[in-house]
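Colleague: I would like to go through this structure with you, one question at a time. Please show it first.

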Amino acid sequence: MDTQDTSPSVLLFFDKQRFIFNAGEIDHIFLSRVCSETAGGLPGLLLTLAGMGDEGMSVNVWGPSDLKYLVDAMRSFIPNAAMVHTKSFGPNFSTDESTVLSRSKLSDPIVLIDDEVVKLSAIIVQPNCFENKPPMPSNSPAHSSEILDSPNGKRQPAGKPGDMSVVYVCELPEIKGKFDPEKAKALGLKPGPKYRELQLGNSVKSDRQNIMVHPSDVMDPSLPGPIVLLVDCPTESHLESLLAVKSLNSYCGQVDNLPEAGKSVTCVIHLSPASVVSCSNYQNWMKKFGSAQHIMAGHEKKNVEIPILKSSAKYAARLNYLCPQFFPAPGFGSLQNCSLASSEGSFSDLSEVICAENLLKFTLRPYSHLGLDRSCIPSKVVSEEIIDGLLSEIPEIVEAAEHVSQLWQQSSQRKEDLVPVFDYKMMIEEPWLCADGVPASLENIRRDDLEIVLLGTGSSQPSKYGVSGADDAVRGLSCIWISHIHADHHTGLARILALRRDLLKGVPREPLLVIGPRQLKRYLDAYGRLEDLDMVFLDCKHTTAASLDSFDDGSLGTPVDDGSTLFSKGSRMQSYFKRPGSPIDKDAVSHILKKFKGVIHEAGLKSLISFPVIHCPQAFGVALQAEERSNSVGKVIPGWKIVYSGDTRPCPELVAASQDATVLIHE
C-alpha cells in the first residue's frame, strides 16, 4: 500500500510464516531504515498486539542497530503486554569504545533467518558523505569516534543513527526434482524404502546389480529456489555505497563474466525514490540482474488516486454528493498540481520493469505460477455507481442535497464572499453564521480568521485539503499542542515533524513549537537521535494560567499552588499531578516561553492556556482566546474563545475553563 507520506509495505508470506518489510501486523517486521517514514505505523501495531487476547501477542522487529533508539523512544507509552522482541544488526552506535569498521566488512550479508521456509539476509548500506549533519549528542562518544573506510579510500565519520539503510535478500530453498521410478527399476531397485532414501538425498545399493545408485541417477534436476531482493536506497550518497557492495555480485547471475557462477535473482523490489532510480548509475546496476522482474515501489502518483479502503471511499463519495463544499470526492483530491514523480516511462531499455500498485502480488511458489498476479489490485472508485446506489437506498437524499445547495447559493449571493485562495480550498462564509442570534465574537467572521477542521481518528481518507493542500497545511504549522501521552493522540507526530522539515528544506524557518506533557519530550528526544525533527518543546505545565502568571511576574520555577480541586487530597492521581518534574532551567524555559508568546500573538490569539483534566497523569485540556478586532465601521468585536477538553471525565477545571466559550469541543 502506498500512502504517499510513508514507505510502502511489502509482505512476504508462506503458509505458516509472515514477514513484512516496513511496519505491518505479522510474525516478523523488517525495517529497511529506522525513521518515521518506514516505522511510523509501528507504535499503533504494537498497541493493537498488546490488546489481543489475555496476554497480548508477540512480534519480532528487525532492523539496523539504531532500532534501539526507536524502541527506547516508545517505552513511555507502549505497555509491557506488547511483547516486542527487537533484533538489531550492523555497527553499534552506543558503544563507548573507539571502533574501526571496514566498509567491506560492513556490507557483508548478515544472515537473520535460515530455516526450511526461507533464508533471509541483510546488507547494510550507509551514505558515503555526511554533509550538514547536526552535531552528535555529547553523551555518546562513539558518535564522533566511530570511523568507516569509504570506497575511495578516505576516512570519514560513521554518521548518525538513522542514516543506515538495508538491502534484504530472501532466498527460498531449491525445488527438488521429481523421482523417476522407471530409472530406478532400470538400475535394479525394487519399490520400497530405498526409493525414500534416494528422495532424501542418500545413495543406496542396487537390489539386482552390483552398483551404487545415487540420487542424481533417478531424480530430475532440481530447480533453484526463487530469490527476491528488497532495495531501499534513499539518497544518491547511499547509491555510491550500494554500487560498491561486492557481496551483491553473487546474485547477478554471473561473476567475472562466468555465467552460472552466481545465483539468479527472480524479483527485485525497489523502495528507492524516483530521484535515485532515475540515475543512470542505478539503472545500470539494475541491468546486472539479467532477466529479474523489477518492481518500482517508490511512491507512485496513480496509487494515490485509487483508494484501497473501498467502504471508506464509498462514504466519502456519498458525503460529497450531499455537500461538496465540505467533503472532497474520493481519489484523494486533485493531483494536477502535484509534484509527485512517477517511475513510469523512465526505463525504456529495461524490459522487465513495472510500477508497483496497491495489493500487487508476485507469486514465488508453486513454480508453475511464478510471476506477477494482478487479481487483487483495487480498481478506481466510480462515483456514479455509488451515487446510483445511494439514490435507490435513500431517495429523499436528492431533496436534502438541493436544500444544502440552496443554503450555499443564498449565502454567496447575499455576501458575495466566495473568494478563491488556492486550487484546493475556497474561503466561504458559512451560511448559518448569517442567522440572528449569532455570538457577537463571530460577527463578520471569515474562514481565514478562524477555522476548525476535525481530521478524524485514524482517518482512512485524507482531509478536505487533498495531497498538495495537506503539504501546504504542514508547511504553515506554527504550533502543535498534545493533550496527553496516550498513543492515539501523538504517534503520528514524529512523521508530521519530519515531513515539515523535508518540505521546508532550504527555506529559512524557525523550529516548530510543540506543547505537550513532559513524558512526550522523552519520546521526541529519543526519536531525535534518529532524525532531526526541527522542533522546540514546551511542557503543558508551563502554559497553565498560574505558570504563565509566574513567568510574567518573574517568579518562574517557584512551586505554584493553583488551589486545584481536580484530584481528591492524598489520592494517587493528585500525587502524580503535584509530583515535581525535572529541575527547571529558567533561562531555557524563559526563551521558549518568549517564542510561545510570539507564536500565539502572530496567530491573532490573546492567550493559549492549558488546564489539567482527569484522565491519566499529566493530561490537559486547552483554551484559546482570540484578540479583539474592529469591523469596517470601527465597532470593537470581542475575541472568540475555543475550548478543547482533551480526554477527560467531568471535572471542575474544564467547567471553569469553558466559561464564556464560543465553541466547546468534547474529545
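Colleague: How many bridges join strand E28 to strand E31?

Modeller: This is a predicted model. In it, E28 covers residues 620-626 and E31 covers residues 641-644. The two strands run antiparallel, and the number of bridges that join them is 4.

Colleague: Which residue of E31 is the bridge partner of Ala623?

Modeller: Ala623 also has a partner in another strand, since in E28 the bridge partner of Ile609 is Ala623. Towards E31, the partner of Ala623 is Val643.

Colleague: How many bridges join E27 to E28?

Modeller: E27 covers residues 605-612. E27 and E28 run antiparallel, and the bridges that join them number 7.

Colleague: In what order do the strands of this open sheet lie?

Modeller: The sheet has 4 strands, and their pairing is mixed. E27 and E32 (663-665) are the edge strands, as each pairs on one side only. From one strand to the next, the twist averages 10°. The order is E27-E28-E31-E32.

Colleague: Is E27 largely enclosed or largely open?

Modeller: E27 is an edge strand, pairing on one side only. Even so, 6 of its 8 residues are buried, which means that the rest of the structure leaves E27 largely enclosed.

Colleague: Which residues of helix H19 are buried, and on how many degrees of arc do they lie?

Modeller: H19 runs over residues 545-552, and its buried residues are Ser547, Leu548, Ser550 and Phe551. They lie on the same side of H19 because the arc they cover around the axis is only 160°.

Colleague: Why can residues a few places apart point the same way in a helix?

Modeller: Residues three or four places apart in an α-helix point the same way. The reason is the number of residues a turn, which is 3.6.

Colleague: What covers the buried residues of H19?

Modeller: Just after H19, Gly554 takes a positive phi of about 85°. The cover over the buried residues of H19 includes helix H21 (586-602) and strand E27.

Colleague: Which helix supplies the largest share of the largest nonpolar core?

Modeller: This core has 36 residues, and among those with the most contacts inside it are Leu70, Leu497 and Val514. Several elements each supply at least two residues, including helix H2 (42-50), helix H3 (67-74), helix H17 (493-503) and strand E25 (512-516). The largest share is 6 residues, and the helix it comes from is H3.

Colleague: Which residues does Leu497 touch, leaving out those up to four places away in sequence?

Modeller: Leu497 is one of the residues with the most contacts inside the largest core. Beyond four places in sequence, Leu497 touches Ile480, Leu512, Val514, Leu524, Leu533 and Met535.

Colleague: Is Pro517 buried or exposed?

Modeller: Pro517 is found in the loop between E25 and H18. Residues beyond four places in sequence that touch Pro517 include Ile482, Phe537 and Gln618. Its relative accessibility is 0%, and residues under 20% count as buried. Pro517 is therefore buried.

Colleague: How far apart in space are Pro517 and Ile485?

Modeller: In sequence, Pro517 and Ile485 are 32 residues apart. Ile485 is among the residues that Pro517 touches. From C-alpha to C-alpha, the distance is 6.8 Å.

Colleague: What is the mean pLDDT of the protein chain?

Modeller: Over residues 332-344, pLDDT stays under 50. Of the residues in the chain, 73% reach 70 or more. The mean pLDDT is 77.

Methods: Residues are numbered from 1 along each chain as its sequence is written. This is a predicted model: local features need pLDDT of at least 70, side-chain atom pairs count only at pLDDT 80 or more; totals for chains, interfaces and linings use all residues. Side-chain values use heavy atoms; hydrogens and water are left out. Buried means under 20% relative accessible area, exposed over 50%, partly exposed in between (1.4 Å probe, protein chains only). The arc is that of the directions from the helix axis to the C-beta atoms. Contact means heavy atoms within 4.5 Å. Two strands pair if DSSP finds at least two bridges between them. Axes are lines fitted to C-alpha atoms, for helices over the stretch in contact, and angles run from 0 to 180 degrees between N-to-C directions. pLDDT is the predictor's confidence in each residue, from 0 to 100. A nonpolar core is a set of buried Ala, Val, Leu, Ile, Met, Phe, Trp, Tyr and Cys residues joined through side-chain atoms within 4.5 Å.
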